[in-house]
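Subject: A structure for you to explore

Hello,

Here is the structure I promised to pass on. Please open it next to this message and follow along as you read.

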Amino acid sequence: MAIQPIRLFGDPVLVTPATEVVDFDKELRQLVSDLTETMQAAPGAGLAAPQIGVPLRVFVWDIDDELGHLINPSLDLSDEIQDGDEGCLSFPNLSYNTPRAFRAVAKGFNMHGDPVTVEGTELLARCLQHETDHLNGVLFIDRMTAEERKTAMKEIRESEWFGLATENGAKPTFKVSPHTTFGLGL
Ligand code: ZN
């Protein structure tokens, strides 16, 4: 177990709410390790367990040279909003302006079952919101205005990865994102 294929938009696991972690065991620690390795290889700034096909409430991040992980998170958000481009490793090569709360406080657990609180602004706040959304089966295109979403969906349908995925009728997966500099991969 190590780097896992990243599930792409179109895979049902990405729109299915994930379940709470109950056992803080060796398998959970392996999952955190796999998520971290897969995120770093992509490379990306964040990755949630459903993105590697595991429907559990776990995500990891790598922001400002700090690795983190959170299990069973709940979020408290500021009223203040930030704009900015956001990408997603499940939508290779695409990024869109996505409004998010400027500050987020996430409460949850680390992989040993200890309660932890993570507080972030700007990029970390954006990541905490993006990854928690993944655990609820919500994708960043769901956070766009109807008009922006329409434009995004057109580009997604025209993208090479989406075409290949639907043509083969297989589960769309990418071993490693081929273009790594475009937008923020979360
Ligand atoms: Zn994402």
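Below is what I found, starting with how far to trust the model and then moving to the metal site, some buried polar residues and the core.

**The model**

This is a predicted model, in which local features need pLDDT of at least 70, side-chain atom pairs count only at pLDDT 80 or more, and totals for chains, interfaces and linings use all residues. Residues are numbered from 1 along each chain as its sequence is written, and side-chain values use heavy atoms, with hydrogens and water left out.

The predictor's confidence in each residue is called pLDDT and runs from 0 to 100. Its mean for the protein is 90, and 88% of the residues reach 70 or more. Over residues 176–182, pLDDT stays under 50. Where pLDDT is low, the predicted coordinates should not be read in detail.

**The zinc ion**

Which atoms of the protein are donors of the zinc ion? They are SG of Cys-88, NE2 of His-130, NE2 of His-134 and O of Leu-186, at 2.0 to 2.4 Å from the ion. (Donors are N, O and S atoms within 2.8 Å of the metal, or 3.2 Å for Na, K and Ca; water is not among the atoms, so sites may look incomplete.) Along the chain, the donors follow the spacing C-x41-H-x3-H-x51-L. Cys-88 sits in the loop between β6 (85–87) and β7 (95–97), while His-130 belongs to helix α2 (residues 122–135), so this pair ties together parts 42 residues apart in sequence. (Helices, H or I with at least four residues, and strands, E with at least two, are DSSP runs numbered from the N terminus.)

The angles between the four donor atoms run from 97 to 135 degrees, which makes the arrangement irregular.

Cys-88 and His-130 are both buried. (Buried means under 20% relative accessible area, exposed over 50%, and partly exposed in between, with a 1.4 Å probe and protein chains only.)

**Buried polar residues**

Glu-86 is in strand β6 and is buried, at 0% relative accessible area. Its side chain makes a polar contact of 2.6 Å with the side chain of Arg-100, and another of 2.6 Å with that of the zinc donor His-130. (A polar contact is a pair of N or O atoms within 3.5 Å; within protein, one must be able to donate a hydrogen and the other to accept it, and residues adjacent in sequence count only if both atoms are side-chain atoms.)

Ser-90 lies in the loop between β6 and β7. Ser-90 is also buried, with 0% relative accessibility, and its side chain reaches the backbone oxygen of Arg-7 at 2.7 Å.

In helix α2 you will find Gln-129, buried at 6% relative accessible area. The side chain of Gln-129 reaches the backbone oxygen of Ala-125 at 2.9 Å. Gln-129 and Leu-75 are 54 residues apart in sequence, yet their C-alpha atoms are 7.7 Å apart in space.

**The core**

How many residues does the largest nonpolar core have? It has 17, and those with the most contacts inside it include Phe-9, Phe-140 and Trp-161. (A nonpolar core is a set of buried Ala, Val, Leu, Ile, Met, Phe, Trp, Tyr and Cys residues joined through side-chain atoms within 4.5 Å.) Helices α3 (146–158) and α4 (160–168) each give two or more residues to this core, and the largest share, three residues, comes from α3.

Leaving out residues up to four places away in sequence, Phe-140 touches several residues, including Glu-86, Cys-88 and His-130. (Contact means heavy atoms within 4.5 Å.)

Enjoy exploring!

Technical notes: Four donors count as tetrahedral if all angles lie between 85 and 135 degrees; four count as square planar and six as octahedral if opposite donors are over 155 degrees apart and all others between 65 and 115; anything else is irregular.
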